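Colleague: I should like to learn how to read the features of a model such as this one. Could we take them in turn, with the general idea before each case?

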Amino acid sequence: MSLERIDELGIVGAGGGGFPAAVKFKTRVSTVIANAAECEPLLHKDKELLHQQFEPFLRGLLDTMSLVGASQGAIGIKDKYHELIEEIGTRIPSHVSVVPLPDVYPAGDEFILVHMVTGRVIPPGGLPKDVDVVVSNVETLMNIGLDRPVTHKYLTVAGAVKNPVTLRVPVGTPICEVIDAAGGATTDSIGVLLGGVMMARPAASLDDPVTKTTGGIVVLPADHKLIQRHNAPAIQIRRIGRSACDQCRFCTEFCPRFLLGHPIEPHRAMQSLGFDMGQDAMVATLYCCECNLCTMYACPEDLDPKNVCVMAKPLARERGLVFKGDPKSIVPHPMAEFRRVPMRRLIARLGLSDFNNVGPLVDHVFRPREVKLPLKQHAGVPAVATVKNGDRVHAGDLIAAPEQGKLGARIHASIDGIISLERDAIAIRA
């Protein structure tokens, strides 16, 4: 497997970031970590792939290790999956290890994962390669091992559905069809979160398409507090935060990046709603990983420090503010290990305890009459159509690619059909 081949296949980070894999792997490091932590509540996709698609996953891991010159590989997976860990342990070569992880959130954040696996701390604003590591999602590595264009996405359908499952879905399929494949919703009025519930984005419509980075579809009653929180307008976040924050510091004391030693203090961002926060506090907002733990778990007032940090980031970037300290001065907090948030407590706090926390990978044949593939479903610039209206394509055919020399990813047809070009997407009608 070559970097050129990975680029040709349109492989991007399948865990949510969507960064083009061929660019990410253009480096030299000693260790590749497969991120199987999957710490978002109710999601099971990565664990199911390790169980049912282990051979292509392992091929992809070994190919990636070869590409970056790594002598060691590690698979980070929750220690609660005892049987799966034992199964994997008998099938890996000696230079690959399984690293059991605590069942906490956010173990899947790559900064946290790297520290748990290697003991190293990625510097603020840095990347895993800065500490001699590359991190990749299980499905991304599996796609490399399969050595074929990315036309389908594995995802878990969870929450208020009759049969929570993990499915293989053609990219571009409307989420309403995926929900139907899980038996449909158990309530009439629903809201849908795409991704995990902590870092999700609300679906604007049930016609929203599955993309290369959709790791989960979480269906909840429309009046569920998580639906309300994710749809809260910015003006409400600012107004309530300005009047109600009592600077208790809980948001900061539970922040996983603060506990790593990074200069991020969400309580100071909240303070800025009423006072000039100063440059040091503005720099801190840049290093918020947006895990939402401060907002969804730590804050006793139900305020939203995460989004306050997010809203402050553009101004900090505009001013060119960065961390100027010595990376060697970054030392994890002495209480870091004892402030990890157990998944069971997080699920209870989020009001998800009544939903069935399973997601077996099952076969389901999707036959969508139309798929809609966004031209931007990855980091970088939108892809540009390489087809025209009325063209007939087959699954796996190239239909869009980034402009020469620009960061992006190729897009391939996920079904056979006729092309219809839209402003920011390509539709294929079967």
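Modeller: Let us begin with strand pairing: two strands count as paired if DSSP finds at least two bridges between them. Please keep in mind throughout that this is a predicted model.

Colleague: How many bridges join β12 to strand β18, and how do the two strands run?

Modeller: Five bridges join β12 to β18, which covers residues 425–429, and the two strands run antiparallel. Within this pair, Lys 372 has Ala 427 of β18 as its bridge partner.

Colleague: In what order do the four strands of the open sheet lie?

Modeller: The order is β12-β18-β17-β14, with antiparallel pairing. The edge strands are β12 (370–374) and β14 (392–393), each of which pairs on one side only.

Colleague: Let us turn to accessibility. Is Thr 64 buried or exposed?

Modeller: A residue is called buried when its relative accessible area is under 20%. Thr 64 has 0% relative accessibility and therefore counts as buried. This residue lies in helix α4, residues 54–68. Leaving aside residues up to four places away in sequence, Thr 64 touches Phe 25, Val 32, Leu 141 and Ile 144.

Colleague: A lysine may serve as a second case. Is Lys 313 buried or exposed?

Modeller: Lys 313 is buried, because its relative accessible area is 6%, under the cut-off of 20%. Lys 313 belongs to helix α16 (residues 305–318). With residues up to four places away in sequence again set aside, Lys 313 touches Thr 285, Leu 286, Cys 288 and Glu 290.

Colleague: Cys 288 appears among those contacts. How many disulfides does the model contain?

Modeller: A disulfide is a covalent bond between the sulfur atoms of two cysteines. The criterion applied here is a pair of cysteine sulfur atoms within 2.5 Å. By this rule the count is zero. Cys 288 is in no disulfide, and its nearest cysteine sulfur, that of Cys 309, is 4.6 Å away.

Colleague: Why is the sulfur of Cys 309 not bonded to that of Cys 288?

Modeller: The closest cysteine sulfur to that of Cys 309 is in Cys 288, and the distance of 4.6 Å is too far for a bond. Both residues are buried: Cys 288 has a relative accessible area of 13%, and Cys 309 has 1%.

Colleague: Next, the surface. Which residues form a nonpolar patch there?

Modeller: Phe 19, Val 23 and Leu 407 form such a patch, and together they have about 220 Å² of accessible area. Phe 19 is located in the loop between α1 (3–8) and α2 (21–24). At 36% relative accessibility, Phe 19 counts as partly exposed.

Colleague: Finally, the backbone. Which peptide bond is cis, and which residues other than glycine have a positive phi?

Modeller: Most residues other than glycine have a negative phi, and most peptide bonds are trans. In this model, the peptide bond from Tyr 105 to Pro 106 is cis, with omega near 5°. Pro 106 is placed in the loop between β4 (104–105) and α6 (110–118).

As for positive phi, one case is Asp 132, with a value near 70°. Asp 132 is in the loop between α6 and β5 (133–137) and is partly exposed at 32% relative accessibility. Another case is Asp 147, with phi near 55°. Asp 147 occupies the loop between α7 (138–146) and β6 (152–159), and its relative accessible area of 36% makes it partly exposed.

Terms used
Residues numbered from 1 in each chain as written. Predicted model: local features only at pLDDT ≥ 70, side-chain atom pairs only at ≥ 80, totals over all residues. Heavy atoms only, no water. Buried < 20%, exposed > 50% of the residue type's maximum accessible area, 1.4 Å probe, protein only. Contact = heavy atoms within 4.5 Å. Patch = residues over 30% accessible without salt bridge, like charges linked within 9 Å, V, L, I, M, F, W, Y side chains within 5 Å. Areas by Shrake-Rupley, 256 points an atom, 1.4 Å probe, with all protein chains shown as cover. Salt bridge = Lys/Arg side-chain N within 4 Å of Asp/Glu carboxyl O.
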